[in-house]
Amino acid sequence: MMPHAEGRDLVLSFADDELCVGQNHAWWIAIGPFLEEDLALTSIAQDELGHARSLYTLLSDDVDQLAYGRKEAEYRSAHIAELLCHDWSWALVRHVLHDIAEQIRWSALVGSSWEDLSHLAERALGEEQFHLQHGSSLLSRLLADERGQQRLTPAILELAPLGREYFVSSDKHLIENGIVTMPLAAQEQLWIDQTTGLFKQYDINIDFGSEAPSAGRSGIRSHDFAALHEEMTAVLRIDPQAQW
Amino acid sequence: MRAWRDMDEFEGFLDAGGVVEPNDEMPEPYRQAVFRFIELHANSEYMGGLTERDWIPKAPGLHRKLTALAKTQDEIGHAHLLYMVAADLGIKTREEMMVDLLEGRTHFHNVFHYRVHSWTDQIAVAYLVDAAALASQQAVFKNCSYGPYKRILRRVIAEEGFHMRNGEEMMLLMAHGSNTQHEMMQESIDRWWLPAVQLFGPDSRPNDELLRWHVKSERNEDLRDRYVQKFVPQLLACGFTIPDPGLEKDQTDGKWKISPIDWEPLKQTMRNGGPDSARRISDARNAWNNAAWVRDALTNQPAST
């Protein structure tokens, strides 16, 4: 089927989120808190980059051109996905917020009328279960520790409101056409409820505001994106025509 | 649990193909030697991961990024397994080994004291360095008398084989790619050839105990020579030159002969005085120290159910 433009926008936004988060998780290889954690986060990075690749494949035959060849304003990633998070507590919090969102987003695509997307969602959901288990069990254990909570709380308070942007997309026709099975506003509310529930048990109360505070979906990039993009395209730019 | 009356009886057991297990009452010099060898291997895998990580974020394209990430993850996985096998020998804990490494008290292989300057350096590491490491590991695996190490090497070797083939594929792409790519690859070969050849170390001592105790099965100079015979023709066939003015083919036996190696710089490098040793170790030490709160928080409480 040839999906409506809204469907393509949704997939592109999702793919860009996964591309950025996968790239950011991968930064932690060999410098995590201990070797088991290096291995876990790197596995998750590979899954996220794999999701990005599968999603781009739904839109184009030239995946690398789409992933790395656009101008900054043509990316649709949420700002929370772009942030470098070179402090491990921030990386962990983003990992959990991202994966709670991912589970909701993929679930809403299972049974999509865009069959390839539905199949992809089913496969991705199997992986998400492990990502979420890893992230939230680690986060919970660290939040149960006083010093852990001191480290993590600022990251939670700052990053969580940005997570709303995961659900920013026009969905009027998406519902009508059966591309998604749950309206984005409902997905967003589910994400807020789950996130609130997770942190409330540690007396961390998040002010989510009334709407997403960032505008990555409209083509405005976060302050970290330029560095991220520079890095991910560093070798490709040496000789853009060559096969690497 | 087994025990031996004396070193003669133990060496007789090893010569007959005996395999030692962690609970055996192995002679202390053997335990120490095996431990030091595995610790050096573990440190090298970990430092190898750190060497490669600079270029993972820059890997060209999604496919390359995924394979580069998977490869480095393998190296970290090897380090993880090896540290556990080393810890089982009861000489140092994993934490003690990590701290010794980061404080510069223990060592890692020469090749990981250099910086990866470009994507083609990354390829050279996968192609030239991993091949050298693989050859050394295969020689240990063949006849290794310490059971847990031998079993882990089976997996390590299988994965290193993939890395080398992946490196070869990328090297061939550069060899037949654009002029820029070919030139970049040549520069990387110029940088990495000697370190890769040096990975095998100086000629084995006549009384090398690691050989006598069947940890190693081949002499360093034999492994090095076999590597040279394989890689010189491959690189020349791809249109690359080898950065060794004394390199020549012996007309009598048809074998490639390299220039004599000055081992002094290598010894200096191995004492953590290599070109990138200080940065490499301080990066790892900073990361380790910055995350101390995570390790503390996790050990200060019972595991969650």
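Me: Which helix gives the largest share of the largest nonpolar core?
Reply: Happy to dig in: this is a predicted model, where local features need pLDDT of at least 70, side-chain atom pairs count only at pLDDT 80 or more, and totals for chains, interfaces and linings use all residues. Residues are numbered from 1 along each chain as written, with chains lettered from A and ligands numbered from 1 in written order. The core (buried Ala, Val, Leu, Ile, Met, Phe, Trp, Tyr and Cys joined through C-beta atoms within 7 Å; buried means 20 or more other C-beta atoms within 10 Å, exposed 12 or fewer, C-beta atoms being placed from the backbone) has 141 residues, with B:Leu82 and B:Ile123 among those with the most contacts inside it. Its largest share, twelve residues, comes from helix α5 (residues 119–142) of chain B.

Me: How far apart are the end C-alpha atoms of helix α3 of chain B?
Reply: Helices are DSSP runs of H or I, at least four residues, numbered from the N terminus. The expected span is 1.5 Å times one less than the number of residues, so the 26 residues of α3(B) (62–87) should span 38 Å. The end C-alpha atoms agree with that, at 37 Å.

Me: On which side of α10(A) do A:Ala226, A:Ala227 and A:Glu230 lie?
Reply: In helix α10 (residues 225–232) of chain A, the buried residues are A:Phe225, A:Leu228 and A:Met232. They cover an arc (of directions from the helix axis to the C-beta atoms) of only 65°, so they sit on the same side of α10(A). A:Ala226, A:Ala227 and A:Glu230 are exposed, on the other side.

Note on methods:
Helix = DSSP H or I, 4+ residues; strand = E, 2+ residues; numbered from the N terminus.
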